[in-house]
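Dear colleague,

I am handing over the structure we spoke about, and I would be grateful if you could look through it with the notes below at hand. Please open it first and then read on.

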Amino acid sequence: MSITPTPAELLEIAAVVAHEAAELAARRRSEGVEVAETKSSAVDVVTHTDREVEAFVRGRLAELRPGDGFFGEEGEADDSTTGLTWVVDPIDGTVNFLYGIPQWAVSIAVVEGGPDPLTWRALAAVGAHPPPGETLPAPAGGGAGLGGHRLGGAPPAPAGCPAGRRGSPAPPPAVSSTRRRWSGWSGASVT
């Protein structure tokens, strides 16, 4: 790896560490999970595994990329001396993880910029989803992928069309504003 890593090199680091962390989380899930604390509400939980996985990711990234910053969901942030910061959600989907629902992942991104998140520019991100063994890489400007295929979203809404409608016909007037807002969502497709 070069002194100044390329986004592809950073993506590879994120993928390796996310995969290792997801394997750790899956092992802990099979052993049983306990809530460590709640945050903003009774369903906004932190498990002991969240904390263990975040500590693991922090340690691996410090080993592989000394000087890079770290911004984890469960712990304190570390400042960067390299201009790069790793942003981590150790178990993205903690409630699903807690209840044994397989839709959860370890999410790791790397950004460049100062300490203010509003100045960050994403370089690469990975979601490692262990129950089916999926890894979703997302290089800067390249979109997300799965199984070697690029994932695409819905095309941009036409000018003058309300956000989220994507050209769908207008709902009848009796439909609630919440339903109207989401009725045009078309999800992602593999291209």
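What follows is a description of the fold, beginning with the whole chain and ending with a few individual residues.

Please keep in mind throughout that this is a predicted model. The secondary structure of the protein comes to 4 helices and 10 strands, and when these are read along the sequence they follow the pattern α-β-β-α-β-β-α-β-β-β-β-β-α-β. Of the 191 residues in the protein, 30% are buried, and the protein exposes about 10,800 Å², of which carbon and sulfur atoms supply 59%. Among contacts between residues at least 6 apart in sequence, 44% join residues at least 24 apart.

The main sheet to look for is an open one of 5 strands, which has the order β3-β4-β5-β6-β7 and mixed pairing. Strands β3 (69–72) and β7 stand at its edges, and because each has a single partner strand, one side of each is left without a neighbour in the sheet. Neighbouring strands of this sheet are turned by 15° against each other on average, direction ignored.

Within this sheet, both kinds of pairing can be followed through strand β4. Strand β4 (residues 84–92) is joined to β5 by 7 bridges, and these two strands run antiparallel; along this pairing, Leu 84 stands opposite Glu 112 in β5, while Asp 92 stands opposite Ala 105 in β5. The link from β3 to β4 consists of 4 bridges, with the strands running parallel, and here the bridge partner of Phe 71 is Val 87 in β4. Strand β4 is also mostly covered, with 7 of its 9 residues buried.

Two helices lie across the sheet. Helix α1 (residues 7–31) lies across β4, β5, β6 (121–129) and β7, and runs at about 30° to β6, whereas helix α2 (residues 48–64) lies across β3, β4 and β5, and runs at about 155° to β4.

There is also a hairpin formed by β1 and β2, with 6 residues between the two strands. Strand β1 (residues 35–38) pairs with strand β2 (residues 45–47) in the antiparallel sense over 3 bridges, and the bridge partner of Val 35 is Thr 47 in β2.

Two residues may be worth finding on the screen. The first topic is Pro 139, which lies in strand β7 (residues 134–139). Is this residue Pro 139 buried, exposed or partly exposed? Its relative accessible area is 33%, so Pro 139 counts as partly exposed, given that buried means under 20% and exposed means over 50%. Leaving aside its neighbours within four places in sequence, Pro 139 is in contact with Leu 11, Leu 123 and Ala 124. Pro 139 and Ala 124 are 15 residues apart in sequence, yet they are 4.4 Å apart in space, C-alpha to C-alpha.

The other residue is Ile 101, which has its place in the loop between α3 (94–98) and β5 (105–112). With a relative accessible area of 37%, Ile 101 is likewise partly exposed. Together with Val 43, Val 95 and Tyr 99, Ile 101 makes a nonpolar surface patch of about 400 Å².

With kind regards

Technical notes
Residues numbered from 1 in each chain as written. Predicted model: local features only at pLDDT ≥ 70, side-chain atom pairs only at ≥ 80, totals over all residues. Heavy atoms only, no water. Patch = residues over 30% accessible without salt bridge, like charges linked within 9 Å, V, L, I, M, F, W, Y side chains within 5 Å. Areas by Shrake-Rupley, 256 points an atom, 1.4 Å probe, with all protein chains shown as cover. Salt bridge = Lys/Arg side-chain N within 4 Å of Asp/Glu carboxyl O. Buried < 20%, exposed > 50% of the residue type's maximum accessible area, 1.4 Å probe, protein only. Contact = heavy atoms within 4.5 Å. Pairing = 2+ DSSP bridges. Axes fitted to C-alpha atoms, helices over the stretch in contact; angles between N-to-C directions.
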